[in-house]
Amino acid sequence: MMAASPLYPLLLSVLLAICACPGCQTRGNGLETSASWPTPRELRESMRRQGRLAVVYGSADTAAARRYRQLFDGMAARSQRLRIRVWSDTEAPADSLAAMPVMLAGSFRSNRYFAAWAAQLPFRPEADGFQFLGRQFSRPDQLLQLTACPNPQQPQQPLSILFANTDSALLHRLEAGSSGWGGIWRSAWSYEVTQGSSRLMAGQYSDAWQPDSVLHWDFTESAASALKSPHFRLAAHGAGLAPDAMRLLLDSLEAACSSAAGRLGRSAGDFSAEVHAYGSAELMGLMTQRMEQDFADPQRGAIHLLAGAAWQGLPPAAPAALLLAQTLGEPAAPQLLDGMSVWLTPGWLREGWAYWAARLAVSHNTLTLEELFSEAAAQTESPYVLSAMAAAFCDWQIREQGQEVFLAGWKSWQPDPDKLGSLEPGWQRYLAGLEVREPRHTPPRSLPAWHKGMTLAHEGYAIYNGYGSGMSAHMTAEFRQLGGNALAIVPYSGSRNVRTPEAFRIFNGAGGENDAAVADAMMQARQMGMRVLLKPQIWFSGAWPGDVDMQSEADWQAFFAHYRRWIRHYAILGELHGADLFCAGVEFVHATRKHPAAWAQLIRDLRLLYTGPITYAANWGEEFEQLAFAAELDYVGINCYYPLSMQDSASLEELKAGFRPIAERIAAKAAQTGKPLLFTEIGFRSVSTPWKNPHAEAQGRAVNQAHQARCYQAVCEVLRDAPWCRGTYWWKWPSYAAYVDEDPECFTPYSKPAQEVLQRFYQGLP
């Protein structure tokens with residue numbers, strides 16, 4: 001066993017003394033390292049490569065130790081990628097703690113290693129709290145997580161830590177499921193301090209084991225001052241939330257509380273709530289690990305809501321939800337809480353629940369009662385649709401029974417199948433009678449004469465490097481400076497099945513292409529003067545949408561039902577946040593050719609939810625050239641990956657000669673439809689001979705940025721003289737700059753010669 005450096009304890013002691021200094025700078029502290037130490041990335045890779053982990057939990061508290069053992073043994077049994085060995089701190093063999101990846105879990109009082117190694121750890125554990133990066137954390141529910149730091153016994157081995165001020169706090173977190181192996185072993189953070197469900201500090205270590213100056217967040221003082229009203233205490237987080245605007249927000253919350261209590265016939269006298277307003281979805285995600293327009297936390301009497309520019313005019317329903325929980329309690333059916341909170345929120349989704357329920361009815365997008373109250377609905381249905389339908393159900397029952405009778409059954413009413421079946425005919429009559437009106441807040445849409453576009457790809461899943469983040473805003477600005485005026489935003493769902501129908505989930509986890517991140521990315525582009533194409537797509541594992549081919553007519557009907565449930569969500573999202581153009585589908589080659597009438601009806605129905613122009617992104621070749629429902633579209637779209645040449649060596653003139661007949665074929669189809677045409681995708685990898693098969697994987701080809709640029713040059717020179725073309729959305733532009741280094745063969749032109757070609761082309765257009 002390699003001995004630890006004799007300087008390690010001394011240097012760490014000096015570090016910890018610095019951290020404890022009240023005047024120290026938070027971002028300047030880190031580990032004092034040896035030149036032979038691995039980098040953070042190398043230690044993480046070592047963790048994955050070894051595929052094993054020793055978990056050492058505290059055993060001083062017998063009752064807590066039993067719970068730790070049960071939890072960790074259960075997690076170990078479920079682990080598929082790791083071989084887990086679970087020991088108490090009194091069982092763990094000393095030599096094993098230097099020979100493999102280790103995780104220490106517990107409190108200062110329960111796990112003896114925190115006291116024994118105190119001088120050698122990158123934080124100061126204490127009986128009444130802990131010190132980390134110049135901050136003191138002493139509250140009982142505060143917890144520190146470190147992922148893959150150098151083990152003080154053997155720096156070449158990774159040490160992870162779950163340290164809590166009390167064992168009960170750590171056990172609560174583990175039992176609540178907020179941290180399984182994914183949260184411990186594959187955490188996105190080098191370090192993280194949490195308090196309950198809120199994040200107080202997070203960041204990454206640099207290669208020198210210092211907190212990265214860009215990837216460090218300290219929220220311990222983010223809400224030092226707060227505004228107060230009779231029922232609310234409002235804390236504002238983030239830049240751009242002006243005091244006057246926050247006072248108006250507080251006044252609106254008070255008015256909404258008074259109105260909701262009055263409509264319920266209850267007093268709001270004892271109601272109170274902590275309100276946390278966030279300037280961006282990124283900040284909400286970093287602080288709460290959730291990214292949503294708003295949500296209530298009844299256990300803590302708290303409301304979290306987005307208050308940035310993208311969310312103006314969208315009253316939150318969370319205050320009504322918390323009021324209901326505090327005055328009526330939790331209902332037996334959670335859909336009632338969702339529905340009543342929306343029913344009590346005037347102007348929900350700008351137009352109000354009744355508008356959206358009626359729109360869903362006339363567009364064939366309502367839910368049966370069985371669908372509304374199904375356990376799977378939360379995973380397979382749009383939350384917009386669920387909430388509107390739940391509010392409509394509450395309204396219907398209030399009309400049928402009277403409000404007091406309805407509320408009297410709040411805690412007891414259960415949606416059993418027999419009861420729902422008997423109610424269904426009346427429910428359908430109610431939906432058919434909803435008043436349909438035109439929207440009062442149709443967003444202005446003036447599309448450019450030529451879409452100088454790009455697809456902004458959500459390449460980062462750590463919140464700070466995906467849609468809506470500061471990094472993504474920077475990349476959007478970089479594209480704007482090239483002369484771009486349009487950006488495609490692409491939220492994804494995923495599937496493994498191309499032969500059997502299955503539901504497409506709407507993913508809203510923090511860090512993914514969730515609604516809040518997508519909305520903020522759209523807002524960032526529009527604030528920079530660009531138009532937005534909202535282009536939802538399905539990613540198929542090991543396949544692509546063109547492989548979707550159901551085996552029976554019944555399966556095709558099920559496929560379209562699932563797809564409708566998914567795509568209508570994004571039509572509403574596009575309407576709410578002012579998407580300038582909406583894409584109804586991408587590359588469903590068999591589905592569009594075999595069932596054009598189904599697509600035509602779907603597009604007509606989507607127009608009753610989204611009032612802007614609609615396109616469809618057809619795959620190059622037969623799907624585009626035989627597209628049968630172009631009459632339903634405002635733009636015909638093509639994802640263009642035709643080969644430009646099959647030669648190993650092709651000059652610029654040869655590539656142009658290869659693209660001209662392709663362009664002529666595309667132009668002929670556009671003329672046949674009578675619709676303007678957009679290249680909804682076109683692009684080339686930065687590899688050798690990308691002109692041969694532009695859509696293909698790198699397949700071992702060497703990086704060749706000059707070949708990519710030559711393809712860009714050929715396409716741009718041909719399209720410069722193509723009056724039938726209304727624009728190009730190149731594939732693709734990453735949401736963070738470092739992606740280019742991580743995947744040098746990728747499609748993006750960013751920071752490559754192709755970027756200069758595109759800049760000259762876009763800036764040379766009118």
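1. R290 sits in the loop that runs between α8 (281–288) and β15 (294–297). The model is a predicted one. With a relative accessibility of 34%, R290 counts as partly exposed, because that value falls between the 20% and 50% limits. The side chain of R290 makes a polar contact with the side chain of E292, at 2.8 Å. Beyond its neighbours within four places in sequence, R290 is in contact with M284, G285, F295 and A510. As for positions far along the chain, the C-alpha atoms of R290 and A516 are 9.6 Å apart, with the two positions 226 residues apart in numbering.

2. Helix α14 covers residues 383–401. Its 19 residues should span 27 Å at 1.5 Å a residue, and the C-alpha atoms at its ends are 26 Å apart, so the two values agree. Of these 19 residues, 15 are buried, so α14 is largely enclosed by the rest of the structure. At the start of the helix, a side-chain oxygen of S382 comes to within 3.1 Å of the backbone nitrogen of Y384. Just after the helix, G402 has a positive phi of about 95°.

3. Helix α3 is formed by residues 62–78, 17 in number. From first C-alpha to last it reaches 24 Å, close to the expected 24 Å at 1.5 Å a residue. Buried residues in α3 are A64, A65, Y68, L71, F72, G74, M75 and A76. At the start of α3, a side-chain oxygen of D61 lies within 3.1 Å of the backbone nitrogen of A63.

4. Cavities of 30 Å³ or more number two. The second largest has about 30 Å³ of space. Its lining consists of S495, N497, T500, P501, E502, F504, F540, V548, M550 and F559. Sorted by class, that lining holds six nonpolar residues, three polar and one charged.

5. H595 is placed in the loop between α20 (589–594) and α21 (596–606). Its relative accessibility is 15%, so H595 counts as buried. Not counting residues up to four places away in sequence, H595 touches E553, W556, F560 and H590.

6. Some backbone geometry deserves a check. Most residues other than glycine have a negative phi, and most peptide bonds are trans. The peptide bond joining W731 and K732 is cis, with omega about 10°. K732 belongs to strand β26, residues 725–734.

7. T689 is not a glycine, yet has a positive phi, near 50°. T689 lies in the loop between β25 (677–682) and α24 (705–719). At 12% relative accessibility, T689 counts as buried, because the limit for that class is under 20%.

8. S751, also not a glycine, has a positive phi of about 60°. The loop that holds S751 runs between α25 (739–742) and α26 (753–764). S751 has a relative accessible area of 54% and is therefore exposed. On burial, then, T689 is buried, whereas S751 is exposed.

How values were computed
Residues numbered from 1 in each chain as written. Predicted model: local features only at pLDDT ≥ 70, side-chain atom pairs only at ≥ 80, totals over all residues. Heavy atoms only, no water. 1 Å grid on protein atoms, 1.4 Å probe; cavity = no way out; pocket = protein on both sides within 12 Å on 5 of 7 lines; lining within 4 Å. Points joined across faces, edges and corners; volume = space filled by probe spheres on them. Nonpolar A, V, L, I, M, F, W, Y, C, P; charged D, E, K, R; others polar. Helix = DSSP H or I, 4+ residues; strand = E, 2+ residues; numbered from the N terminus. Buried < 20%, exposed > 50% of the residue type's maximum accessible area, 1.4 Å probe, protein only. Contact = heavy atoms within 4.5 Å. Polar contact = N/O pair within 3.5 Å; in protein donor to acceptor, adjacent residues only side chain to side chain. Expected span 1.5 Å × (residues − 1).
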